[in-house]
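Visitor: Got a minute to walk me through this one? I'd like to go through it piece by piece.

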Amino acid sequence: MTQSSISQLMLTKAEKGELEIFKDIYEDNKKHVFVIALSILKDVELSEDIMQEVFIKLYQLLKEKEVSNLKAWLIRVSRNTALDVYRKRKHEITGFEESYFDRANYCTDSPVERMVLTKSLNTLEMDERQIVFLKDISGMKHREIAKLLEMPLGTVLWKYRKALNKLKNSLEEVE
Amino acid sequence: MNKKEIRNHLNSAIEKQIPNDWDRLEAKLNKSMKADQVFHHIVHSQQDKRKQLTKKLSVSLAALAVAFIMISFTPVIAQLQALYDQIFTSDHIDDPGVKIALESGIGQTIDQTFYDEENDISVHFQNIMTDDKETKLLLTFLSEETNLENYYLDLFEGSTTIQLQTENGQTIPLDNVGWGSRYYQADKNKVVTALSFAPIKEYIGQNIRLEIHDITVYNDQSTENVEATWPLDFTLEKTAASDRSVLDVDKQFTLQGESYHIKQVEFSPLETRIIFTGSDIHYYTDESGEIYEIFSKLEHQFLNARVIDKENGYGVDYNKPGVFLSVNGEKVAPNFSKGEIKQANGTEYVMVFAPVKERDNLVLEVGEGIEIKLGE
């Protein structure tokens, strides 16, 4: 959600209900929240819960103060919330294994898309997946990702290239 | 399957995976809060933001006016300054080297306009300056029809490239140096940008052609490439070129358990560079043999004083412990738009500051308590 689009929402106040305005914010930004949560948790249901939690936080925050860069705020808070859940779950489950997070219920009918998504969830490391998802799905710049993940830009570029190569190789093995 | 296809399939798969869970959220919101308060705060936040922006612009304009009066004018400098957009010397351009160079009358005035009919963009090339390590090309572009808010000439990670054609027809791609600076003037739908790329000093006296290819468009959720070719034909004059001199330093210090060596300081009218080696300044190799890098503790310390302004790019907080260069006790602006420059196969880290005139009484302040005299 850009500032200009928030302004547009303001202009439509007369025609729209106020909760409907928040719904527009939700619709415009839910992708960013879901993507970062999925990249960390690899679990659709948990990612949905993160979406609910983050948008409730946003709603509460907007009652108190301004959010100057909504997308950046949402991505940062979503990441922190998802990492909290990840750490908690990992701690709670004795003998934690990565496969715990592999119970995704796929919505796409395309076998190719399903395979690419599965490989991205199962083949990539968590930080690689965050970088690929943030870059290619959320449209963030490498330098923004570097700041968010607190990594040097060069490392983000390297991990991005490495992740795509890894994904490409794993898909070629299937083909 | 190539990488582009992989990215497209992944994007499409995830798009379909995103739940439409508004009803559940709405029920929760209705249960716990009053919706009308949200709108109230959105409206007020926007109003406050506009007030802050107006206040900020007033302060910036006042500061600009004071700075303008304080500059010691020579007729030549005054003439040069009349030919470039004054916004290049404002806080909107986060490369302090550009501001100081322009205020010192450095560079060759170009003043050429090119109209990109296909994209309805009018490009104004204003100034070029080059030395042994980089070239800065200052240009603006505006449009009546095309919204340029998200249009970038991103040589670093975007699809934009720049190339040089020499008199004998040779074409040379020019790599970026740092990230460059960019500002969007919403009221004029105009982009002001200072590109930073490889030096072209060796072509002085030649009729050369610089060609910028393609515009990178950073939309909220995607990146696009807009095809464009913006040519600039001109004779590169001596006035565009500056010299760079080197001061050998050879000083050691320790920061957070890592040892560093200040090798040299490079002086140019475009920037001041300090070259370091150190126990944690090198490339690393992963298990698959790929090379990567991490921030050294020194680089972390340098970035500690960096602040990021959404509108103006990188700035500095002089009250936070960072790494500062001072001349006669006055701190020199760090140039954060030229981050992460490494050379000598990754074993040298380059820290960039604004250009300095005095070269004798230089002190490097590292964190809290470390001061190293760099000059004679």
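**A walk through the model**

Guide: Sure. Of the 376 residues in chain B, 33% count as buried. Keep in mind that this is a predicted model.

Visitor: How many helices and strands are there in chain B?

Guide: Chain B has six helices and 23 strands. Among its contacts between residues at least 6 apart in sequence, 58% join residues at least 24 apart.

Visitor: And the scores for the model?

Guide: The ipTM is 0.82 and the pTM is 0.61. For chain B, pLDDT averages 82, with 85% of the residues at 70 or above.

Visitor: Which elements of chain B have the lowest and the highest mean pLDDT?

Guide: The lowest belongs to helix 3 (residues 36–70) of chain B, with a mean of 38, and the highest to strand 3 of chain B, with 96. Over residues 34–82 of chain B, pLDDT is below 50, and that stretch has 39 contacts in the model beyond near neighbours in sequence.

Visitor: OK, strand 3 then. Is strand 3 of chain B enclosed by the rest of the structure or open, and why?

Guide: Strand 3 (residues 135–142) of chain B has seven of its eight residues buried, so it is largely enclosed by the rest of the structure.

Visitor: What does strand 3 of chain B pair with?

Guide: Strand 2 of chain B runs antiparallel to strand 3, and eight bridges join them. Thr130(B) is matched with Thr135(B) there. The two strands form a hairpin, connected through four residues. Strand 3 of chain B also pairs with strand 8 (residues 190–197) of chain B, again in the antiparallel sense and over eight bridges. In that pairing, the partner of Leu142(B) is Lys190(B).

Visitor: Which other strand is joined to strand 8 of chain B?

Guide: Strand 7 (residues 181–185) of chain B, which runs antiparallel to strand 8 and is joined to it by five bridges. Here Gln185(B) has Lys190(B) as its bridge partner, so Lys190(B) turns up in both pairings.

Visitor: What's in the turn between strand 7 and strand 8 of chain B?

Guide: Those two make a hairpin with four residues between them, and Asn189(B) in the turn has a positive phi of about 50°.

Visitor: Any other residues with positive phi?

Guide: A couple to look at. Most residues other than glycine have a negative phi. Asp120(B) is a non-glycine residue with a positive phi near 50°, and it sits in the loop between strand 1 (108–116) and strand 2 (121–130) of chain B. In chain A, Glu150(A) has a positive phi of about 55° and is not a glycine either. Its loop lies between helix 7 (142–149) and helix 8 (153–174) of chain A.

Visitor: Are Asp120(B) and Glu150(A) buried or exposed, and why?

Guide: Asp120(B) is exposed, because it has 12 other C-beta atoms within 10 Å, and 12 or fewer counts as exposed. Glu150(A) has 8 C-beta neighbours inside 10 Å, so it counts as exposed too.

Visitor: Switching topic. What's the story with helix 5 of chain B?

Guide: Helix 5 (residues 96–103) of chain B is mostly covered, with seven of its eight residues buried. Among the buried ones are Val98(B), Ile100(B) and Leu102(B), and also Lys99(B). After the helix comes Gly105(B), with a positive phi near 80°.

Visitor: Where's the largest nonpolar core, and which residues have the most contacts inside it?

Guide: That core has 65 residues, and Ile274(B) and Phe276(B) have the most contacts inside it. It draws at least three residues from each of domain 1 (106–240) and domain 2 (245–373) of chain B. A second, separate core has 51 residues, including Met51(A), Leu62(A), Leu70(A) and Met151(A).

Visitor: What is Phe276(B) in contact with?

Guide: Leaving aside neighbours within four places in sequence, the contacts of Phe276(B) include Tyr260(B), Ile262(B), Ile281(B), Leu298(B), Tyr349(B) and Met351(B).

Visitor: Which strands does strand 13 of chain B sit with in its sheet?

Guide: The sheet is open, with five strands in the order 11-12-13-21-20 (chain B) and antiparallel pairing. At the edges are strand 11 (245–255) and strand 20 (341–343) of chain B, each pairing on one side only. The twist averages 30° from one strand to the next. Strand 13 (residues 271–278) and strand 21 (residues 348–353) of chain B are joined by five bridges, and Thr272(B) has Phe353(B) as its bridge partner.

Terms used:
Residues are numbered from 1 along each chain as its sequence is written. Chains are lettered from A and ligands numbered from 1 in the order in which they are written. This is a predicted model: local features need pLDDT of at least 70, side-chain atom pairs count only at pLDDT 80 or more; totals for chains, interfaces and linings use all residues. Two strands pair if DSSP finds at least two bridges between them. Axes are lines fitted to C-alpha atoms, for helices over the stretch in contact, and angles run from 0 to 180 degrees between N-to-C directions. A residue is buried if 20 or more other C-beta atoms lie within 10 Å of its own, exposed if 12 or fewer, and partly exposed in between; C-beta atoms are placed from the backbone. A nonpolar core is a set of buried Ala, Val, Leu, Ile, Met, Phe, Trp, Tyr and Cys residues joined through C-beta atoms within 7 Å. Domain bounds come from an automatic or database domain assignment. Two residues are in contact if their C-beta atoms, placed from the backbone, lie within 7 Å. pLDDT is the predictor's confidence in each residue, from 0 to 100.
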